[in-house]
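Me: I am new to reading protein models, and I would like to learn how to go from the overall layout to single side chains. Could you take me through one, step by step?

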Amino acid sequence: MLDIILVAMIAAFIALRLRSELGKKTGNEPQPPAAGRSPYPNDNQTTIEGDAVEVTSRSGDVIDLARDPQVRAGLNDIRRADSHFDAGQMVDGAKGAYQMILEAFWAGDKEALKDFLDDTVLAQFSTAIDQREQDGLTLENRILDVTKAEISSAALVKRQAEVTIDFSAEIIAVTKDADGKVVDGDLSDAVDLEDKWTFARDTRSRDPNWTLIATRAG
C-alpha cells in the first residue's frame with residue numbers, strides 16, 4: 001500500500017510540474033498519423049528562422065549558445081521581458097507536453113487538450129477527432145521515444161513570447177475500423193514523426209503556463 005501511495009504522489013508531482021512549465025490554459029488533429037504524412041488537420045504555418053538549437057541546460061547561459069543570431073536575439077528579448085524565463089526548463093516542459101498532447105489527441109480526449117491548446121488549434125484537433133469518430137476509426141498509436149526537442153525560432157511579439165520547437169519522435173501508428181480491423185499502419189513497424197510546434201505566453205501574466213498556438217509537420 002505504501003508503494004502505491006508513493007507512486008501516486010510521484011505521478012501527481014510530475015503532472016503538476018508539467019503544468020507549471022507549459023501548462024494549463026484557463027478559461028474556458030486530424031487524420032490519423034501514419035508513415036509519411038502529417039497527423040494534423042491543417043498545418044498552421046509558423047515562420048521558422050535559422051538553424052535549430054538544442055537546449056540542454058537549465059541556465060540562462062544557454063541563450064549564448066544559440067548558433068543562429070536571430071534565435072539568440074529572440075531568446076534574449078524574452079528573457080528581458082520575463083526575468084523568470086528559462087529556455088532549458090521551457091524545452092523540458094514542452095517535451096513532456098508534446099507527448100501528453102499527442103496521446104490525448106489519439107485517445108480523442110478533448111478535455112485534456114483544452115489544458116494545452118489555444119482556441120484555434122483546439123478547434124482543429126476537435127474537428128479531426130469528430131471526423132475520426134464519424135468514420136468509425138480508432139487509433140492505437142504510442143510514442144516509443146521523443147528523440148529531439150530543439151528551439152528553432154524565438155521572438156517577443158509585443159508582450160507575447162513565442163517559441164517554436166522542432167520535435168522528432170519514433171511512434172507506432174495504427175488505425176482500426178469499427179470492426180477492429182487494421183486499415184493503416186503496423187504494430188510491428190515504428191515510424192518517424194517530425195513536428196514544429198509553437199508555444200506562446202504573455203510575459204506580463206502571473207500565469208507561468210505556455211499554450212500551443214500552432215502546429216506544423218516538420
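Reply: What follows is a dialogue that goes from the whole chain to one helix and then to aromatic rings and polar contacts. Please keep in mind from the start that this is a predicted model.

Me: How many helices and strands are there in the protein, and in what order do the elements run?

Reply: The protein has 5 helices and 6 strands, and, read from the N terminus, its elements follow the order α-β-α-α-α-α-β-β-β-β-β.

Me: What share of the residues counts as buried, and what does the protein expose?

Reply: A residue is called buried when its relative accessible area is under 20%. By that rule, 43% of the 218 residues of the protein are buried, while the protein exposes about 11,300 Å², of which carbon and sulfur atoms supply 48%.

Me: Let us take one helix. How many residues has helix 5, and how far does it reach?

Reply: One way to read a helix is to set its reach beside the span expected for its number of residues. Helix 5 covers residues 119–134, which makes 16 residues, and from its first C-alpha to its last it reaches 22 Å, close to the 22 Å expected at 1.5 Å a residue. After helix 5 comes Gly-136, which has a positive phi, near 70°.

Me: Which residues of helix 5 are buried, and what covers them?

Reply: The buried residues of helix 5 are Val-121, Leu-122, Gln-124, Phe-125, Ser-126, Ala-128, Ile-129 and Arg-132, and their cover includes helix 3 (87–107), helix 4 (110–114), strand 2 (138–139) and strand 6 (211–217). One of these buried residues, Arg-132, lies over the face of Phe-105, at 4.8 Å from the ring centre.

Me: Is Thr-127, which is in helix 5, buried or exposed?

Reply: Thr-127 has a relative accessible area of 52% and is therefore exposed, since exposed means over 50%. A polar atom of the Thr-127 side chain lies 2.9 Å from the backbone oxygen of Ala-123.

Me: How should I read aromatic pairs, and how many does the structure hold?

Reply: A pair of aromatic rings is described by the distance of the centres and the angle of the planes. The structure holds 6 aromatic pairs. In one of them, the ring centres of Tyr-98 and Phe-167 are 4.1 Å apart and the planes are at 5°, so the pair is stacked. This pair links distant parts of the chain, with Tyr-98 in helix 3 and Phe-167 in strand 4 (residues 160–176), 69 residues apart.

Me: Why is the pair of Phe-167 and Trp-197 called edge-to-face?

Reply: The centres of the rings of Phe-167 and Trp-197 lie 5.8 Å apart with the planes at 70°, so the pair is edge-to-face, the word used when the angle is over 60 degrees. Here too distant parts of the chain are linked, as Phe-167 is in strand 4 and Trp-197 in strand 5 (residues 182–202), 30 residues apart. Tyr-98 counts as buried at 0% relative accessibility; Phe-167 is buried, also with 0%; and Trp-197 is buried with a relative accessible area of 0%. Together with Phe-199, Tyr-98, Phe-167 and Trp-197 form one aromatic cluster.

Me: Which side chain does Asp-166 contact through a polar contact, and is Asp-166 buried or exposed?

Reply: Asp-166 lies in strand 4 and is buried, because its relative accessible area is 8%. Its side chain makes a polar contact with the side chain of Ser-152, at 2.9 Å.

Technical notes
Residues are numbered from 1 along each chain as its sequence is written. This is a predicted model: local features need pLDDT of at least 70, side-chain atom pairs count only at pLDDT 80 or more; totals for chains, interfaces and linings use all residues. Side-chain values use heavy atoms; hydrogens and water are left out. Helices (H or I, at least four residues) and strands (E, at least two) are DSSP runs, numbered from the N terminus. Buried means under 20% relative accessible area, exposed over 50%, partly exposed in between (1.4 Å probe, protein chains only). Contact means heavy atoms within 4.5 Å. Rings of Phe, Tyr and Trp (its six-membered ring) pair if their centres lie within 6.5 Å; planes under 30 degrees apart count as stacked, over 60 as edge-to-face and the rest as tilted. A charge sits over a ring if NZ of Lys or CZ of Arg is within 6 Å of the ring centre and within 35 degrees of the ring normal. Accessible areas come from the Shrake-Rupley method with a 1.4 Å probe; for residues, only the protein chains shown count as cover. A polar contact is a pair of N or O atoms within 3.5 Å; within protein, one must be able to donate a hydrogen and the other to accept it, and residues adjacent in sequence count only if both atoms are side-chain atoms.
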